[in-house]
Amino acid sequence: MATLMGGMSGVPHRPVLLLETLDCLQPERGGLYVDCTLGFGGHSEAMLEASPETRVIGIDRDRTALEWSRRRLSRFGERFRAVHGNFRDIARHVEEAGETAVSGVLADLGLSSLQLDAAERGFSFRQDAPLDMRMDAEGDEETAADLLATLPEEEIARIIFEYGEERRSRRIARWIVERRERGEPVTRTLELAEMVARAVGHRKGERIHPATRTFQALRIAVNRELEGLSVFLETAIDLLQEDGRLAVISFHSLEDRIVKQTLRRLSGRCECPPRVPVCSCGARKAIEILTRRPISPGESETDENPRARSAKLRAARKLSFQS
Ligand SMILES: C[S@@+](CC[C@H](N)C(=O)[O-])C[C@H]1O[C@@H](n2cnc3c(N)ncnc32)[C@H](O)[C@@H]1O
Ligand SMILES: [Zn+2]
């Protein structure tokens, strides 16, 4: 277990927005809950503790996380089941577990500190490692180094601009491609971090490392984190029984925007661009939104866990009939 904990100080942080999430999901009511992003199993553990009638299926695409949580939650016996897979396939995972009615779905998006702190996974610009960044380390997706070695320059620039919201994306992409044309492609985290720092320069008053945005962008691209998020949310809502709950925690504005728009659309509000004559966004009244504004962590939580700072929780309740 010590190796799994990597460079961490001992016990993992308290799960992000734990009490707020439980408040939305109400696991004390019993029934089946699907934790789509099992990670350390912190949220799952709290849901299982809420009632002896509560069962949890935990999905994660990272086998190390699954192994960790399986051990942590073994005391719950058959009430807990861990599944390796992508939450995009939630409907299949629920069906394969022989279940039909779902009381709640949780998605705590992004990376766990288990992944961030494990130097060899290549997510961190502070530790030298191959530029991997795959959440499913044995999966067949391409690594970040593969993307930088093969994608056209404009595509690299687009990824860094869109997913990293980095203004100097073109310059960074140029430098990356220049190096690979010289036969020296960027393959390691520190190489990339230093190159980006030089390409971007120091911005006055900026507190984050200059490579933060580029690393975020590559990670999103490698793991296809935004593709299918909206379809996943809609599938999850369709799986919920009446009064079932959905809670989603996101960590950056692109994710939060998709969650916000999808929930609005499924609460019956048309999200079509202005002046479209006929609604084609698929708006329907399947849910009631429980969070008019997203819920953010309080100061005591962010003091204890600075990574919680950007977390935003949105939740919804399934309605009895749809129109
Ligand atoms: C922020 S952590 C979850 C932490 C967890 N709530 C806890 O209390 O420990 C996110 C986890 O979701 C997993 N993950 C991210 N995207 C996924 C996807 N599309 N399918 C399955 N798992 C995913 C990651 O591998 C990571 O372990
Ligand atoms: Zn519409």
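In this predicted model, nine residues of domain 1 are in contact with nine residues of domain 2. The side of domain 1 that touches domain 2 is evenly mixed in character, with three nonpolar, three polar and three charged residues. Domain 1 is built from two stretches of the chain, residues 2-110 and 226-318, whereas domain 2 is formed by residues 115-222. The centres of the two domains, taken over C-alpha atoms, are separated by 28 Å.

The surroundings of ligand 1 were examined next. The ligand is surrounded by 20 residues, of which the closest are P15, T37, G39, F40 and G42. Two elements, α3 (42-50) and β2 (54-60), each give two or more residues to this shell. When the residues of the shell are sorted by class, seven are nonpolar, eight are polar and five are charged.

Helix α3, which contributes to the shell around ligand 1, also packs against helix α2 (residues 18-25), at an angle of about 50° and with the two axes 11 Å apart. Because of this angle, α2 is described as oblique to α3, and α2 passes α3 in a right-handed crossing. On the α2 side the contact involves L18, T21, L22 and L25, which meet H43, A46, M47 and A50 on the α3 side. In terms of class, this contact has six nonpolar and two polar residues, and no charged residues.

A further set of helix contacts is centred on α8 (residues 153-164), which packs with helix α9 (residues 169-181) at an angle of about 135°, the axes of the two helices being 8 Å apart. Because angles that are neither under 35 degrees, nor over 145, nor from 65 to 115 count as oblique, the arrangement of α8 relative to α9 is oblique. The crossing in which α8 passes α9 is right-handed. From α8, the residues E153, I156, A157, I160 and F161 take part, and they meet S169, R170, I172, A173, R174, I176 and V177 of α9. The residues of this contact divide into eight nonpolar, one polar and three charged.

Helix α8 also meets helix α11 (residues 212-222), and here the axes come within 8 Å and cross at roughly 105°. Such an angle makes α8 roughly perpendicular to α11. The residues that make the contact are I159, I160, Y163 and G164 on α8, together with R213, T214, Q216, A217, L218, I220 and A221 on α11. By class, the contact of α8 with α11 comprises seven nonpolar, three polar and one charged residue. Residue I160 of α8 therefore appears in both descriptions, since I160 is listed among the residues that meet α9 and is also one of the residues in the contact with α11.

How values were computed: Residues numbered from 1 in each chain as written. Chains lettered and ligands numbered in written order. Predicted model: local features only at pLDDT ≥ 70, side-chain atom pairs only at ≥ 80, totals over all residues. Near = placed C-beta within 6 Å. Helix = DSSP H or I, 4+ residues; strand = E, 2+ residues; numbered from the N terminus. Nonpolar A, V, L, I, M, F, W, Y, C, P; charged D, E, K, R; others polar. Domains from an automatic or database assignment. Contact = placed C-beta atoms within 7 Å. Axes fitted to C-alpha atoms, helices over the stretch in contact; angles between N-to-C directions. Left-handed = near helix turned anticlockwise from the far one by under 90°.
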